[in-house]
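Me: I've got a model open and want to talk it through. Can you start me off somewhere in the sheet?

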Amino acid sequence: MSAARQLAALRPNDRIVIVDAQRAGEGASARNSGYLVDSTLNDGHLTGEHLSLYKQKYDLNRAALETVKRFVDAYQVDCDWDDSGKFHATSMLKNEAKLTQFHQTLASCGIKSSLLAGSELHERLGTKFYRMAVHTEGGVMLQPAKLARAMITALPNNVALYENTPVHKIEYGSKKVSVTTHQGSVTAKQILLCANGFLPSLGAFTQRAFPLTLTASLTVRLPNKNIHQSARQNLGGYCRHKLWAQPYG
């Protein structure tokens, strides 16, 4: 949806077609953790000349986050937007040095963050499981399915959406690409494959792409009685309690 919206803005005279094997908004994008991430810990140990690269990555993430925010504001999207930030946390002593370095890296890039530990961290998270955490302010949580469905209803006029239309074959010619489905075919000058980790199922990047799950969510414990009512009240409870922890150990 994001790619189609951007293409429509850049090429208002082109016809853009989205082909989705499922009902749009029912796949992985609408069922993920609902993170909008600005800063990441993946390369938080980098220093010196690598700081400029980290800052570029941060600026790109911020631009994406702000793009979503403009859409949410423009269309008054009710997607449980929560900009309470993000905790990069560890429960192990050996990882505290990495978090400290990450905090220093963020400061070197001019990115505001807080280093929390002990009772201060326990009070913020509501648990004593974690020893230390770096809190960054720019992260956002939202309900991804609500955002996806809102983007569908607000597609530009030059974008056509075909749902429940699995692609059976993709043929690349010298000047065009043909996509075959059970309902017919689409021919275009260019194609964007937006299946992420599932690209190999379309015959693309078979040796370089694969799905990977690394995150988990913490919710309020569900009591045995009145389970259905409690589930409705508590699912997503960790978002309401502003707990967004990315564990390292």
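Reply: Sure. Start with Tyr172, whose bridge partner in E9 is Val177. Keep in mind that this is a predicted model, where local features need pLDDT of at least 70, side-chain atom pairs count only at pLDDT 80 or more, and totals for chains, interfaces and linings use all residues. Residues are numbered from 1 along each chain as its sequence is written, and side-chain values use heavy atoms, with hydrogens and water left out.

Me: OK, and what is the bridge partner of Lys169 in E9?

Reply: Thr180 in E9 partners Lys169. Strands here are DSSP runs of at least two E residues, helices are runs of at least four (H or I), and both are numbered from the N terminus.

Me: How many bridges do E8 and E9 share, and in which sense do they pair?

Reply: Five bridges, in the antiparallel sense, with E9 covering residues 177–181. For two strands to count as paired, DSSP has to find at least two bridges between them. A hairpin of four residues links E8 to E9.

Me: What's on the other side of E9?

Reply: E10, which pairs with E9 antiparallel over four bridges. One example is Ser178, whose partner in E10 is Thr187. That hairpin has three residues between the strands, and Gly184 in the turn has a positive phi of about 155°.

Me: So what's the strand order, and which ones are the edges?

Reply: The order is E8-E9-E10, an open antiparallel sheet of three strands. E8 (167–172) and E10 (185–188) are the edges, each pairing on one side only.

Me: Is E9 mostly covered or mostly open?

Reply: Mostly covered, with four of its five residues buried. Buried means under 20% relative accessible area, exposed means over 50%, and partly exposed is in between (1.4 Å probe, protein chains only).

Me: New topic: cysteines. How many disulfides?

Reply: Zero. A disulfide would need two cysteine sulfur atoms within 2.5 Å. As for accessibility, Cys109 is buried at 11%, whereas Cys194 is exposed at 58%.

Me: What does Cys79 touch?

Reply: Leaving out residues up to four places away in sequence, Cys79 touches Val72, Leu142, Gln143, Lys146 and Leu147. Contact here means heavy atoms within 4.5 Å. Cys79 is also among the residues with the most contacts inside the largest nonpolar core, along with Leu36, Phe71, Val72, Val77 and Leu147; that core has 13 residues.

Me: Which elements give two or more residues to that core?

Reply: Helix H2 (50–74) and helix H5 (144–153). The largest share, four residues, comes from H2. There's also a second, separate core of 10 residues, including Leu41, Tyr54, Leu106 and Ile111. A core here is a set of buried Ala, Val, Leu, Ile, Met, Phe, Trp, Tyr and Cys residues joined through side-chain atoms within 4.5 Å.

Me: Leu106 is in H3, right? Which residues of H3 are buried?

Reply: Yes, Leu106 is one of them, with Glu96, Leu99, Phe102 and Thr105. Their cover includes H2 and strands E3 (86–90), E4 (113–117) and E5 (132–136).

Me: And Ser108, buried or exposed?

Reply: Exposed, because its relative accessibility is 52%. Ser108 sits in H3, and its C-alpha is 9.4 Å from that of Lys55, although the two are 53 residues apart in sequence. Just after H3, Gly110 has a positive phi of about 75°.
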